[in-house]
Amino acid sequence: MTTELLIANKLTGKIWECSNSVQSVTWKTERTGTPGSLQFNIIKSGDLSFVEGDVVRFSVDGQLQFYGWVFTKSKNRWGEIDVTCYDRLRYLKANAAYNFKNQTAGDMIRQIAGDFELETSDLADTGYAIPSFYKSDVSCLDIIGEAVQQTLLNTGDIYVFYDDGDGLALKRPEDMMSDVIIGEKSHLTDYTYKTDIDEQTYNSVKLVLENEETGRADVYMAEDSATIGQWGLLQLYQQVDGTVNEAQVAAQAQATLSYYNRRMRTLSVSSLGVPGLRAGMMVRMVVPGLGDINLDQYVLLESVTHTWENGVHTMDFDTMPI
């Protein structure tokens with residue numbers, strides 16, 4: 001395994017390859033709401049000189065893992081520097097106001113990226129134009145996150161918004177599948193398997209839409225009497241914004257129920273590292289005798305943390321509900 005950590009000083013144009021001076025590197029990604037980050041500890045030597053805003057590029061065996069910018073530095077008396085870098089999503093933490101009409105999540109990302117002078121990469125066409133979408137004084141990252149969530153609830157399709165190194169990207173997890181198998185005889189070192197109906201399970205969905213003509217709120221319901229009898233009433237209440245008709249709200253209620261009306265199975269895994277594996281990707285896991293199931297399927301990664309230290313690459317990840 002060969003690692004390469006490049007730091008480029010914007011002011012001078014000088015580039016340092018620092019892998020021999022780095023004690024450990026940690027790369028973290030989450031599927032929603034958080035920029036990718038790279039943290040490393042480096043021993044200052046020679047003419048190494050970099051500041052906040054300078055570019056950092058980290059690769060393993062020639063494969064790009066992270067591309068971003070220095071945001072924080074801290075140094076101790078022995079010259080050790082702890083550095084935290086973020087990718088392009090960090091710049092979308094800025095608050096803004098947007099009013100979109102009949103635009104897809106990809107259209108919104110493209111416009112916001114242009115306003116913030118950020119490059120875009122592959123932006124999938126979701127095929128779903130959100131009828132009306134207005135937000136004010138909200139972070140752009142949250143605006144895009146909600147657009148992706150609305151797309152999920154109205155189409156049933158999950159999309160992942162992330163920085164692929166070349167720019168802002170939007171893809172379906174099915175288009176980000178790893179060819180690696182993780183299981184008891186491959187990579188896996190430890191896991192915790194959890195089942196619950198506590199955090200993301202709902203068997204009754206109530207959507208409320210303000211009716212301008214009557215001045216009252218119209219309520220649209222979707223529920224499953226079978227799981228209500230088994231688990232009790234677990235209700236999700238949401239207000240629907242924008243210009244939508246009754247059929248659209250009713251369809252959204254049913255799609256939301258279909259997604260949340262299930263017992264959630266999740267895994268927290270420790271394993272040997274797989275370069276390039278990030279949150280939002282799908283990886284095949286094979287774990288016989290996993291509680292109430294024999295797991296042999298692709299799982300969607302909710303968060304992934306890679307660590308390179310002393311020539312050893314390990315990772316920890318959490319899955320989306322199985």
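Here are some exercises on this predicted model, each with a worked solution.

**Exercise 1. Get your bearings**

Find out how many helices and strands the protein chain has, and what share of its residues is buried.

*Solution.* Start with the elements: the protein chain has four helices and 21 strands. Next, look at the overall extent: along the principal axes, the C-alpha atoms fill a box of roughly 75 × 50 × 35 Å. Then turn to burial: of the 322 residues in the protein chain, 45% are buried. Last, check how far along the sequence contacts reach. Take contacts between residues at least 6 apart in sequence, and 64% of them join residues at least 24 apart.

**Exercise 2. Check the cysteines**

Work out how many disulfides the structure holds, and how far Cys 85 is from the nearest cysteine sulfur.

*Solution.* The count of disulfides is zero. For Cys 85, the nearest cysteine sulfur belongs to Cys 18 and is 11 Å away. A disulfide needs two cysteine sulfur atoms within 2.5 Å, so Cys 85 is in no disulfide. Now for burial: Cys 85 has a relative accessible area of 0%, so Cys 85 counts as buried. Cys 140 is buried too, also with a relative accessible area of 0%.

**Exercise 3. Walk around helix 4**

Take helix 4 (residues 246-260) and decide where its buried residues sit around the axis.

*Solution.* Begin with length. Helix 4 has 15 residues and reaches 21 Å from its first C-alpha to its last, close to the 21 Å expected at 1.5 Å a residue. Now list the buried residues of helix 4: Val 249, Gln 252, Ala 253, Thr 256, Leu 257, Tyr 259 and Tyr 260. They cover an arc of only 165° around the axis, so they lie on the same side of helix 4. Here's the general idea behind that: an α-helix has 3.6 residues a turn, so residues three or four places apart point the same way. On the other side of helix 4 you'll find Ala 247 and Ser 258, which are exposed. Finally, see what covers the buried residues: helix 2 is included, along with strand 15, strand 16, strand 17 and strand 18.

**Exercise 4. Pair up two helices**

Describe how helix 2 and helix 4 pack, using the angle and the distance between their axes.

*Solution.* First, look at helix 2 on its own. Its 16 residues should span 22 Å at 1.5 Å a residue, and its end C-alpha atoms are 22 Å apart, which agrees. Its buried residues include Cys 140, Ile 144, Val 148 and Leu 152. Just after helix 2, Gly 156 takes a positive phi of about 80°. Now bring in the partner: helix 2 and helix 4 pack at about 90°, with axes 7 Å apart. The two helices are therefore roughly perpendicular to each other. To finish, name the residues that meet: Gln 149, Leu 152, Leu 153 and Asn 154 in helix 2 meet a set in helix 4 that includes Gln 252, Thr 256 and Tyr 259.

**Exercise 5. Two single residues**

Locate Thr 26 and Ile 322, then decide whether each is buried or exposed.

*Solution.* Thr 26 sits in strand 3 (residues 22-30). Its relative accessible area is 16%, so Thr 26 is buried. Beyond its neighbours within four places in sequence, Thr 26 is in contact with residues including Leu 38, Gln 39 and His 306.

Ile 322 lies in the segment after strand 21 (312-319). With a relative accessible area of 18%, Ile 322 is buried as well. Leaving aside neighbours within four places in sequence, its contacts include Arg 262, Leu 267 and Val 299.

Definitions and conventions. Residues are numbered from 1 along each chain as its sequence is written. This is a predicted model: local features need pLDDT of at least 70, side-chain atom pairs count only at pLDDT 80 or more; totals for chains, interfaces and linings use all residues. Side-chain values use heavy atoms; hydrogens and water are left out. Buried means under 20% relative accessible area, exposed over 50%, partly exposed in between (1.4 Å probe, protein chains only). The expected span of a helix is 1.5 Å times one less than its number of residues. The arc is that of the directions from the helix axis to the C-beta atoms. Contact means heavy atoms within 4.5 Å. Axes are lines fitted to C-alpha atoms, for helices over the stretch in contact, and angles run from 0 to 180 degrees between N-to-C directions. Angles under 35 degrees count as roughly parallel, over 145 as roughly antiparallel, 65 to 115 as roughly perpendicular and the rest as oblique.
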